[in-house]
Amino acid sequence: MQKTAKLALADGSVFTGTAFGADGEVHGEVVFNTSMTGYQEILTDPSYCGQIVTMTYPQIGNYGIAPEDIESGGIALQGFIVRELCEIPSNYRSTQTLDEYLKAAGVIGLQGIDTRALVRKIRTSGAMTGVLSTVDLDDESLVKKAQSSPQLVGQDLVSKVLPAEAREWDEGLHPLAHSSSTHSLSGKSITNMAEGEDQAESNYHIVAIDYGMKWNIPRHLKQLGCRVTILPGNCTAEDVLAFNPDGVFLSNGPGDPEPLTYAIETIRNLMGKVPIFGICLGHQLLGLACGCKTFKLKFGHRGANQPVLNHDTKQVEITSQNHGFAIDPETMPDDVEVTHTNMNDDTVAGLRHKTHAAFSVQYHPEASAGPHDSHYLFKQFFDSICQTRVSS
Ligand SMILES: NC(=O)CC[C@H](N)C(=O)O
């Protein structure tokens, strides 16, 4: 028998549909993602911690769940909303339906609502807090709860998703993830990433600081032929330097970057000592460590077709994105420059320090899911590691 679920927003609107996944009640910031594929990677991206995610693509679940496609140890988002759930997936890699997956993970799903109307509301009014419930179906009570649930701004959500301890990462890219443009088709190494250098020959060591990292990032770092050590996002600069790394990577992660003062301090103490590359939250934290400020976007960028202009090459990259905050260019000090711009709204999509080897992007070159246009950034990081080693 079908069970009712409801989503109430802080502006008083209520959407009634059918429940799938687990039963219960959650609150969170309601956001939308425009990707046509990649729902499994979205579900397991820790950056969605504290959020209820709506997919704009009308049918979700049609290729099921494949264990190789997870991006972290579990699902960090609060709830998942689709127009239509596909209950009979067709995919030789699938081991479970989306419904079964959410049930097992204890995550509430809602389907059968007008997701276009919901998205238009968010686009017009901005991301809002909401409550998703299968247990309380009283509109008035749900709206009250939505209005009194906490805002994302000012919260440290990284502490909820960072790993408990350090570990080594040994997995390279999945053979299916190799693109012909940047990776050798033998699946052995990234031939043109390190100018023909074979994976096994590099002895560089990268420390990746994990604020809720998507696993396709260390897969890419490993594919560069480097030793990869992952440290929890609350590590100090001394913890990092104790490994004597050749490069430091700053990961993606959930929520507002400004409250993460411990992470900003660590990065500030690493700058100038070791090459740094940051993605998404890592980009925002690098910017904050350089003296920039961040602000909250009206409804954020979440999807797999965001156009970004590379100022060096004048080329446009189509990128995968998931963020609700951005660097304020007005606050950028003189020793920092913008390298990439989001062409939809002219927000900062990449920056670099003019004197230290440190650069970052607001988007996701590891894709997963999404286009592979920006894979070159991993090579750029590798090159800056090589150059620093040669000149030191
Ligand atoms: N994917 C991410 O790292 C997101 C960064 C940050 N939490 C934001 O929403 O802007």
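The legends below describe close-up views of a predicted model.

**Figure 1. Confidence of the predicted model.** The pLDDT of the chain averages 93, and 94% of the residues score at least 70. Residues 180-200 have a pLDDT below 50, and in the model this stretch makes 36 contacts beyond near neighbours in sequence. Where pLDDT is low, the predicted coordinates should not be read in detail. For the complex, the predictor gives an ipTM of 0.98 and a pTM of 0.94.

**Figure 2. The closed barrel of seven strands.** The strands follow the order S1-S2-S8-S6-S4-S3-S9, and their pairing is mixed. On average, neighbouring strands of this sheet are turned by 35° against each other, direction ignored. Within the barrel, strand S6 (residues 79-82) and strand S8 (residues 108-111) run parallel and are joined by four bridges. One residue of this pairing is Gly 79, whose bridge partner in S8 is Ile 108. Helix H2 (residues 98-105) lies across S6, S8 and strand S2 (14-21), and runs at about 90° to S2.

**Figure 3. The open sheet of ten strands.** This sheet has mixed pairing and the order S10-S12-S11-S13-S14-S19-S18-S17-S15-S16. Its edge strands, S10 (167-169) and S16, each pair on one side only. Neighbouring strands are turned by 25° against each other on average, direction ignored. Helix H6 (residues 216-223) packs on the sheet and touches S10, strand S11 (205-210), strand S12 (227-232), strand S13 (247-250) and S14. The direction of H6 makes about 150° with that of S12.

**Figure 4. Strand S19 and its two pairing partners.** Strands of a sheet pair through backbone hydrogen bonds, either parallel or antiparallel. Strand S14 (residues 276-279) pairs with strand S19 (residues 358-361) in the parallel sense over four bridges. In this pairing, Ile 276 stands opposite Ala 358, and Ile 279 stands opposite Val 361. Strand S18 (residues 348-353) runs antiparallel to S19 and is joined to it by three bridges. Leu 351 has Ser 360 of S19 as its bridge partner, and a hairpin of four residues connects S18 to S19. Both faces of S19 are covered: Ala 358 and Ser 360 are buried on one side, and Phe 359 and Val 361 are buried on the other.

**Figure 5. The surroundings of His 220 in helix H6.** His 220 belongs to helix H6, the helix that packs on the open sheet. This residue is classed as buried because 28 other C-beta atoms lie within 10 Å, where 20 or more are required. Leaving aside residues up to four places away in sequence, His 220 touches Leu 173, Glu 366 and Phe 378. Gly 112 is 108 residues from His 220 along the chain, and the C-alpha atoms of the two are separated by 37 Å.

**Figure 6. The shell around the ligand.** The ligand is surrounded by Ser 47, Asn 252, Gly 253, Pro 254, Gly 255, Cys 280, Leu 281, Asn 322, His 323, Gly 324 and Phe 325. Strand S16 (residues 316-327) gives the most to this shell, with four residues. By residue type, the shell divides into seven polar, four nonpolar and no charged residues. S16 is also an edge strand of the open sheet, where it pairs on one side only.

Technical notes:
Residues are numbered from 1 along each chain as its sequence is written. This is a predicted model: local features need pLDDT of at least 70, side-chain atom pairs count only at pLDDT 80 or more; totals for chains, interfaces and linings use all residues. Two strands pair if DSSP finds at least two bridges between them. Axes are lines fitted to C-alpha atoms, for helices over the stretch in contact, and angles run from 0 to 180 degrees between N-to-C directions. Two residues are in contact if their C-beta atoms, placed from the backbone, lie within 7 Å. A residue is near a molecule or strand if its C-beta atom, placed from the backbone, lies within 6 Å of it. Ala, Val, Leu, Ile, Met, Phe, Trp, Tyr, Cys and Pro count as nonpolar, Asp, Glu, Lys and Arg as charged, and the others, Gly among them, as polar. pLDDT is the predictor's confidence in each residue, from 0 to 100. A residue is buried if 20 or more other C-beta atoms lie within 10 Å of its own, exposed if 12 or fewer, and partly exposed in between; C-beta atoms are placed from the backbone.
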